[in-house]
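Reader: I should be grateful for a close look at a single part of the model shown below. Please describe its surroundings, and then place it within the rest of the chain.

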Amino acid sequence: EDGRRCVPWDNLDDELHTFFKKAINYRKQSNALRLGDVETLIADDENRVYAFKRWLDDDVVYVLFNGSDEQVTVGIDETPAGTYYDALELHATIASKVAGLTIVLEPRGVAWYTHK
């Protein structure tokens, strides 16, 4: 089975390796991602967009995926006003004075936004 090959340590994709290291490290730090409840926020098969939130106490992470080949704008209405940053450091910090969060995701893009 092709998925069971060894890691090609001498020919790694450095960008992809760095991405996964950030994701794994943030998950280890986040009680929400490890132990929290899950709620699907968007499941849009037509546009290939999926978003969910995980939370535990005050730790909340909004996870968004764009599985399409087109850029998409994703709106999450339930977020309170405040400052949000992408834990994966792929997107700019968002300061919102009103409820709701709007995020532009590139094709095949992902974001893990959390509230500061």
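Author: The account below begins at asparagine 66, in strand S3, and then turns to other parts of the chain.

The model is a predicted one. The protein chain has 116 residues, 33% of which count as buried. Its secondary structure comes to 2 helices and 8 strands, and the order of the elements from the N terminus is α-α-β-β-β-β-β-β-β-β. Along its principal axes, the C-alpha trace spans about 50 × 30 × 25 Å. Among contacts between residues at least 6 apart in sequence, 50% join residues at least 24 apart.

Asparagine 66 belongs to strand S3, which covers residues 59-66. Its relative accessible area is 2%. Since buried means under 20%, asparagine 66 is buried. The side chain of asparagine 66 reaches the backbone oxygen of glutamate 106, at 3.0 Å. Beyond the neighbours within four places in sequence, asparagine 66 is in contact with Asn47, Arg48, Val49, Gln71, Val72, Leu105, Glu106, Pro107, Arg108 and Gly109.

Several of these partners can be placed further. Glycine 109 lies in the loop between S7 and S8. With a relative accessible area of 13%, glycine 109 is buried. Residues up to four places away in sequence not being counted, glycine 109 touches Leu64, Phe65 and Asn66. The C-alpha atoms of glycine 109 and alanine 87 are separated by 14 Å, with the two residues 22 apart along the chain.

Arginine 108, another contact of asparagine 66, forms a salt bridge with aspartate 69, in which the closest N and O atoms are 3.0 Å apart. Aspartate 69 lies in the loop between S3 and S4 and arginine 108 in the loop between S7 and strand S8 (110-115), so this pair ties together parts that are 39 residues apart in sequence. Aspartate 69 counts as exposed, at 55% relative accessibility.

Val72, also in contact with asparagine 66, leads to strand S4, which comprises residues 72-76. In a regular strand the side chains alternate between the two faces of the sheet. In S4, the covered face consists of Val72, Val74 and Ile76, while the uncovered one consists of Thr73 and Gly75. Strand S4 pairs with strand S7 (residues 101-105) in the antiparallel sense, over 5 bridges. Leucine 101 in S7 is the bridge partner of isoleucine 76.

The salt bridge of aspartate 69 and arginine 108 may now be set beside the others. Side chains of opposite charge can pair when their charged atoms come close. The whole structure holds 3 salt bridges. One of them joins lysine 53 and glutamate 78, with the closest N and O atoms 2.8 Å apart. Lysine 53 lies in strand S2 (residues 49-56) and glutamate 78 in the loop between S4 and S5, so the pair ties together parts 25 residues apart in sequence. Lysine 53 counts as buried, at 14% relative accessibility, whereas glutamate 78 is partly exposed, with a relative accessible area of 35%. The charged end of lysine 53 also sits over the ring of tryptophan 55, 4.7 Å from its centre.

A further salt bridge is formed by the side chains of glutamate 89 and lysine 22, at 3.1 Å from N to O. This pair links distant parts of the chain, 67 residues apart: glutamate 89 is in the loop between strand S5 (82-86) and strand S6 (94-96), and lysine 22 is in helix H1 (residues 14-29). Glutamate 89 is exposed, with a relative accessible area of 58%, while lysine 22 counts as partly exposed, at 30% relative accessibility.

The aromatic residues return the account to strand S3. The structure holds 5 aromatic pairs. The rings of tyrosine 62 and tyrosine 84 have centres 6.2 Å apart and planes at 65°, so the pair is edge-to-face. Tyrosine 62 in strand S3 and tyrosine 84 in strand S5 are 22 residues apart, and their pair links distant parts of the chain. Both count as buried: tyrosine 62 has a relative accessibility of 4%, and tyrosine 84 has one of 0%. Ring pairs also link Tyr50, Phe52 and Phe65 into a cluster; Phe65 is among the residues that glycine 109 touches.

Note on methods:
Residues are numbered from 1 along each chain as its sequence is written. This is a predicted model: local features need pLDDT of at least 70, side-chain atom pairs count only at pLDDT 80 or more; totals for chains, interfaces and linings use all residues. Side-chain values use heavy atoms; hydrogens and water are left out. Helices (H or I, at least four residues) and strands (E, at least two) are DSSP runs, numbered from the N terminus. Buried means under 20% relative accessible area, exposed over 50%, partly exposed in between (1.4 Å probe, protein chains only). A polar contact is a pair of N or O atoms within 3.5 Å; within protein, one must be able to donate a hydrogen and the other to accept it, and residues adjacent in sequence count only if both atoms are side-chain atoms. Contact means heavy atoms within 4.5 Å. Two strands pair if DSSP finds at least two bridges between them. A salt bridge is a side-chain nitrogen of Lys or Arg within 4 Å of a carboxyl oxygen of Asp or Glu. Rings of Phe, Tyr and Trp (its six-membered ring) pair if their centres lie within 6.5 Å; planes under 30 degrees apart count as stacked, over 60 as edge-to-face and the rest as tilted. A charge sits over a ring if NZ of Lys or CZ of Arg is within 6 Å of the ring centre and within 35 degrees of the ring normal.
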